[in-house]
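Take a moment with the sequence and the 3D view. We will go through a helix, a pocket and a patch of surface.

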Amino acid sequence: MKRAWTLPMLLALCGAAGAAGLVLDGSTAAAVALLLLFFLLAGTHSPLVFPRPLGALEAERRSAADGRPVVHWRPGCRYCLRLRVRRGRAHTGPDPAWVREQLTG
């Protein structure tokens, strides 16, 4: 787990060093913008956004316990990333009973 935080911490430290240099030059606004950019990069590369994957058996066990679906994904896949970003918006399929009613009625 410690190694997973290496890149985000390195990005945050580089951003802080660059922002400190800009503050010393008198460019406070540029320093804030640079710091925010590097913190955003650090956040997107952190385990908070890309947690360690679970094995299939562990995922199925957790799904059986709490009813959440198992989502299979591959790191670096842009379609998987889009799914993971959008899943927080609570997109779900329609109720199966409603679909049956629409098809038969």
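In which helix do Glu58 and Arg62 both lie, and how many residues apart are they? Keep in mind that this is a predicted model. Both residues lie in helix H3. They are 4 residues apart, about one turn of the helix. Their side chains meet in a salt bridge, with 2.9 Å from N to O. Salt bridges that share partners join Glu58, Arg61 and Arg62 into one network.

Now look at the other link in that network. Arg61 forms a salt bridge with Glu58. Here the closest N and O atoms are 2.6 Å apart. Arg61 and Glu58 are separated by about one helical turn, because they are 3 residues apart in helix H3. Side chains of opposite charge can pair when their charged atoms come close. A search of the whole structure finds 2 salt bridges.

Are these side chains covered up? Check the accessible areas. Glu58 has a relative accessible area of 27%, so Glu58 counts as partly exposed. The value for Arg62 is 39%, so Arg62 is partly exposed too. The cut-offs explain both labels: buried means under 20%, exposed means over 50%, and partly exposed lies in between.

Next, turn to the largest pocket. Its volume is about 700 Å³. How many residues line the largest pocket, and which are the closest to its centre? The lining has 21 residues. The closest to the centre are Leu54, Pro69, Val70, Val71 and Arg87.

Helix H3 comes back into the story here. Helix H3 spans residues 56–66, and helix H4 spans 78–86. Each of these helices supplies at least two residues of the lining of the largest pocket. The largest share comes from H3, with 5 residues. What is the lining made of? It divides into 10 nonpolar, 4 polar and 7 charged residues.

Finally, move along the chain to helix H5, residues 96–104. Trp98 is found in this helix. Is Trp98 buried, exposed or partly exposed? Its relative accessibility is 46%, so Trp98 counts as partly exposed. Which residues make a nonpolar surface patch with Trp98? Val99 and Leu103 join Trp98 in the patch. Together the three make a nonpolar surface of about 330 Å².

Methods: Residues are numbered from 1 along each chain as its sequence is written. This is a predicted model: local features need pLDDT of at least 70, side-chain atom pairs count only at pLDDT 80 or more; totals for chains, interfaces and linings use all residues. Side-chain values use heavy atoms; hydrogens and water are left out. Patches are made of residues with over 30% relative accessible area and no salt bridge: like charges are joined within 9 Å, nonpolar side chains (Val, Leu, Ile, Met, Phe, Trp, Tyr) within 5 Å. Accessible areas come from the Shrake-Rupley method with a 1.4 Å probe; for residues, only the protein chains shown count as cover. A salt bridge is a side-chain nitrogen of Lys or Arg within 4 Å of a carboxyl oxygen of Asp or Glu. Buried means under 20% relative accessible area, exposed over 50%, partly exposed in between (1.4 Å probe, protein chains only). On a 1 Å grid over the protein atoms alone, a cavity is a set of points where a 1.4 Å probe fits but cannot get out, and a pocket is an open set with protein on both sides within 12 Å along at least five of seven lines; lining residues have an atom within 4 Å of a point. Grid points are joined across faces, edges and corners, and a volume is the space filled by probe spheres set on the points. Ala, Val, Leu, Ile, Met, Phe, Trp, Tyr, Cys and Pro count as nonpolar, Asp, Glu, Lys and Arg as charged, and the others, Gly among them, as polar.
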